Amino acid sequence: MDLVSDAQLRAPMEIAFDYTRSLGPVLGQFMTALGERRILGARGADGRVHAPPFEYDPVTARPPAELVEVGPAGTVVSWSWQPDPLAEQPLDHPFAWALIRLDGADTAMLHAVDADSAAAMRTGMRVKARWAAERAGSIRDIACFEPCDADEPAFVSWPRILGQSDPVTMTIAPVRLRYQHTASAAESVYLRGLAEGRLIGQRCPACGKVYIPSRGVCPADGVPADSEVELPGTGTVTTFSIVNVGYPGQRVTPPYVAAAVLLDGADIAFQHLILGCDPGEVHLGMRVRAVWRPHEEWDTTAENISHFAPAGEPDAPYESYARFI
Ligand SMILES: [Zn+2]
């Protein structure tokens, strides 16, 4: 983590996962057709053609009876310039987001237009699909749209690839959130302690309880808990679960134990891994000790403690942890 001020640390964070969903019959046909360089719309009960196709008719709420081919050229009905494209957007240089009414459709579709500049964009301009070189099996089979002449015959621009594609039934939408986390003063105290191989909690001056990691304020008394207390790396398992389910990016192979560990001298348990024994051996009251990463790897992150392992001591008496279960 970087230093924001004398009191606080800051670090970049990223949360990411791939959202996978089935497309269903209508969007499945739409995506499959894109792989054949065709764009489909749905004709509604009122005769209007929606592109992309609706899954349920906005008038009758029924699935579409008919999918019809539209485009691949169309007319820009609204647009907005993207001067600084983000990673994973359709183009890596400035482009326009545009609502495009494809020829034969009555509704507009959102996509990117590869124009030289914002000055080259205007409502009413004609554009045509630029197909991706490699089949993507998603909306990215249209790489983007590009300006074209008003009278350009759209269908001669690209050879179509009919009947060569497997049906597309699933789609994966990557979801990424990158942000800066600024640690509170109390969290910074905790993280700096970890960088020195120490566990630093804070004590409430009113009730005397010790919190780790501390939020800086006693939740019971509402007063600053700012006197620092160093705790040992030993504690007691108060609650645990055995993780049997795998997921992308998982660092420990299931089955393994995630537990609430009550450090000796603390008044709140914190979450950690229990490794070093069979998951079936972990139990309430089990005594455990912190296993630190090698000293040369220590930094101001909560990962300096690799995990907790059995301490080899007799179990803690039930009364000593009963109120933390
Ligand atoms: Zn208190």
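**Exercise 1. Salt bridges between strands β3 and β5**

Identify the residue that forms a salt bridge with R43 in this predicted model, and state which strands the pair connects.

*Solution.* The partner of R43 is E66, and the closest N and O atoms of the two residues are 3.4 Å apart. R43 lies in strand β3 and E66 in strand β5, so the salt bridge ties together parts that are 23 residues apart in sequence. As for accessibility, R43 counts as partly exposed at 36%, and E66 likewise counts as partly exposed, at 40%.

The next step is to turn to E69, which forms a salt bridge with R38, with the closest N and O atoms 3.9 Å apart. This pair also links distant parts of the chain, since E69 belongs to strand β5 while R38 sits in the loop between α1 and β3, 31 residues apart. E69 counts as partly exposed, its relative accessibility being 33%.

**Exercise 2. Further salt bridges**

Find the salt-bridge partner of D267, and decide whether D267 and R323 are each buried or exposed.

*Solution.* The side chain of D267 meets that of R323 in a salt bridge, at 3.2 Å from N to O. D267 is placed in the loop between β16 (256-263) and β17 (270-274), and R323 in the segment after α3 (318-321), so this pair ties together parts that are 56 residues apart in sequence. With a relative accessible area of 19%, D267 is buried, because the cut-off for buried is under 20%. R323, by contrast, counts as exposed at 58%.

To complete the picture, a search of the whole structure finds 15 salt bridges, and D18, E88 and R176 are linked in a network of such interactions.

**Exercise 3. The zinc site**

Determine which residues coordinate the zinc ion and what geometry their donor atoms adopt.

*Solution.* The coordinating atoms are SG of C204, SG of C207, SG of C218 and OD of D221, at 1.9 to 2.3 Å from the zinc ion. Along the chain, these donors follow the spacing C-x2-C-x10-C-x2-D. The angles subtended by the four donor atoms run from 104 to 116 degrees, and the arrangement is therefore tetrahedral. Two of the ligands can then be set against each other in terms of accessibility: C218 is buried, with a relative accessible area of 1%, whereas D221 is partly exposed, at 36%.

**Exercise 4. The nonpolar cores**

State how many residues the largest nonpolar core has, and which element supplies the largest share of this core.

*Solution.* The largest nonpolar core has 29 residues, and those with the most contacts inside it are I39, V70, I100, L102, V113, I142 and F145. At least two residues each come from α1 (24-35), β3 (39-43), β5 (66-70), β7 (95-102), β8 (109-113), β9 (126-131) and β10 (142-147). The largest share, five residues, is supplied by α1.

L102 offers a closer view of the packing: once its neighbours within four places in sequence are set aside, L102 is in contact with residues including I39, V70, P72, M109 and F145. Apart from this core lies another, of 28 residues, and I212, V282, V288 and A290 are among them. As background, nonpolar side chains in soluble globular proteins tend to be buried together.

**Exercise 5. Backbone exceptions**

Locate the cis peptide bonds that precede P72 and P213, and describe the phi values of R37 and E88.

*Solution.* The general expectation is that most peptide bonds are trans and that most residues other than glycine have a negative phi. Against this, a cis peptide bond with omega of about 0 degrees joins G71 and P72, and P72 lies in the loop between β5 and β6 (73-82). The bond from I212 to P213 is also cis, with omega near -15 degrees, and P213 is found in the loop between β13 (210-211) and β14 (227-231).

Turning to phi, R37 has a positive value of about 60 degrees although it is not a glycine; R37 is placed in the loop between α1 and β3, and counts as buried at 16% relative accessibility. E88, another residue other than glycine, has a positive phi near 75 degrees. E88 occurs in the loop between β6 and β7 and is partly exposed, with a relative accessible area of 42%.

Definitions and conventions: Residues numbered from 1 in each chain as written. Predicted model: local features only at pLDDT ≥ 70, side-chain atom pairs only at ≥ 80, totals over all residues. Heavy atoms only, no water. Core = buried A, V, L, I, M, F, W, Y, C linked by side-chain atoms within 4.5 Å. Buried < 20%, exposed > 50% of the residue type's maximum accessible area, 1.4 Å probe, protein only. Helix = DSSP H or I, 4+ residues; strand = E, 2+ residues; numbered from the N terminus. Contact = heavy atoms within 4.5 Å. Donors = N, O, S within 2.8 Å, 3.2 Å for Na, K, Ca; no water. Tetrahedral: all angles 85-135°; square planar, octahedral: opposite > 155°, others 65-115°. Salt bridge = Lys/Arg side-chain N within 4 Å of Asp/Glu carboxyl O.
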